[in-house]
Amino acid sequence: MQRKKFIKDLGISALGLVILADLSACRKEKPPEDVDFTIDLDADAFKALKSDGGFVYKDRIIIARVDSSEYIALSEACTHTGCSVEFDGSEFPCPCHGSRFNAAGEVLSGPARKALQLYNTSLNGNELRVFS
Ligand code: FES
């Protein structure tokens, strides 16, 4: 009888750990406010932005390169449950549950229902400014 209870309790504990791990992977958070930073596109940390379709994350913002003259900056956290969105060259898909966002941050397909925050970008030589 005690063995049966032990196995049952063990199962409940394992389920709790799985739920906690899933919740920590997805976080809901407000998009960054009062954003104003500049990145050096020649820096190693941003080398992904040397190629069309490349993207990086900085300060909870995804910065993506459409082409050499067009960069997009959106809040990183998907508005569904907070996974980091990615960039596929034209849209921002979320790898967790399949939401998709356009270049303006608007929802193209759910389950997310709220847009990502769009930030301004300004390119000056190799310096890219991202600001709200
Ligand atoms: S976190 Fe669920 S679709 Fe993005």
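1. Let's start with a pairing: arginine 100 has serine 109 in strand 7 as its bridge partner. Strand 6 (residues 100–101) and strand 7 run antiparallel and are joined by 2 bridges. For the terms, strands (E, at least two residues) and helices (H or I, at least four residues) are DSSP runs numbered from the N terminus, and two strands pair if DSSP finds at least two bridges between them.

2. A word on what you're looking at: this is a predicted model, where local features need pLDDT of at least 70 and side-chain atom pairs count only at pLDDT 80 or more, while totals for chains, interfaces and linings use all residues. Residues are numbered from 1 along each chain as its sequence is written.

3. Back to that pairing. Strand 6 belongs to an open sheet of 3 strands, in the order 5-6-7 with antiparallel pairing. Strand 5 (92–93) and strand 7 (107–109) are its edge strands, each pairing on one side only.

4. Now the overall layout. The protein has 1 helix and 9 strands, and along the sequence the pattern reads α-β-β-β-β-β-β-β-β-β. Of its 132 residues, 23% are buried (20 or more other C-beta atoms within 10 Å of the residue's own; 12 or fewer is exposed, in between is partly exposed, and C-beta atoms are placed from the backbone). Among contacts with a separation of 6 or more, 41% are between residues 24 or more positions apart; a contact means C-beta atoms, placed from the backbone, within 7 Å.

5. Strand 9 is worth a look. It pairs antiparallel with strand 1 over 5 bridges, and isoleucine 39 has leucine 128 as its bridge partner there. Strand 8 also pairs antiparallel with strand 9, over 5 bridges, with asparagine 124 standing opposite glutamate 127. The hairpin of these two strands has 2 residues between them, and glycine 125 takes a positive phi near 65 degrees.

6. Which side chains of strand 9 are buried? Leu128 and Val130 are, pointing to one face, whereas Glu127, Arg129 and Phe131 point to the other and are not buried. As background, side chains in a regular strand alternate between the two faces of the sheet.

7. On to the largest nonpolar core, which has 22 residues (a set of buried Ala, Val, Leu, Ile, Met, Phe, Trp, Tyr and Cys residues joined through C-beta atoms within 7 Å). Ile62, Ile63, Ala73 and Leu74 have the most contacts inside it. Strand 3 (61–67), strand 4 (70–75) and strand 9 (127–131) each supply at least two of its residues. Setting aside residues up to four places away in sequence, leucine 74 touches Ile61, Ile62, Phe92, Gly105, Leu116, Gln117, Leu118 and Tyr119.

8. Leucine 118 sits in strand 8 (residues 118–124). Leucine 118 counts as partly exposed because it has 18 C-beta neighbours inside 10 Å. Beyond four places in sequence, leucine 118 is in contact with Leu74, Ala104 and Gly105. Its C-alpha lies 6.1 Å from that of alanine 73, although the two are 45 residues apart along the chain.

9. Last, proline 32, in the loop between helix 1 (2–25) and strand 1 (36–40). Why does proline 32 count as partly exposed? Because it has 17 C-beta neighbours inside 10 Å. Leaving out neighbours within four places in sequence, proline 32 is in contact with Asp59, Arg60, Ile61 and Ser75. Proline 32 and glutamine 117 are 85 residues apart in sequence, with 8.3 Å from C-alpha to C-alpha.

Conventions: Two residues are in contact if their C-beta atoms, placed from the backbone, lie within 7 Å.
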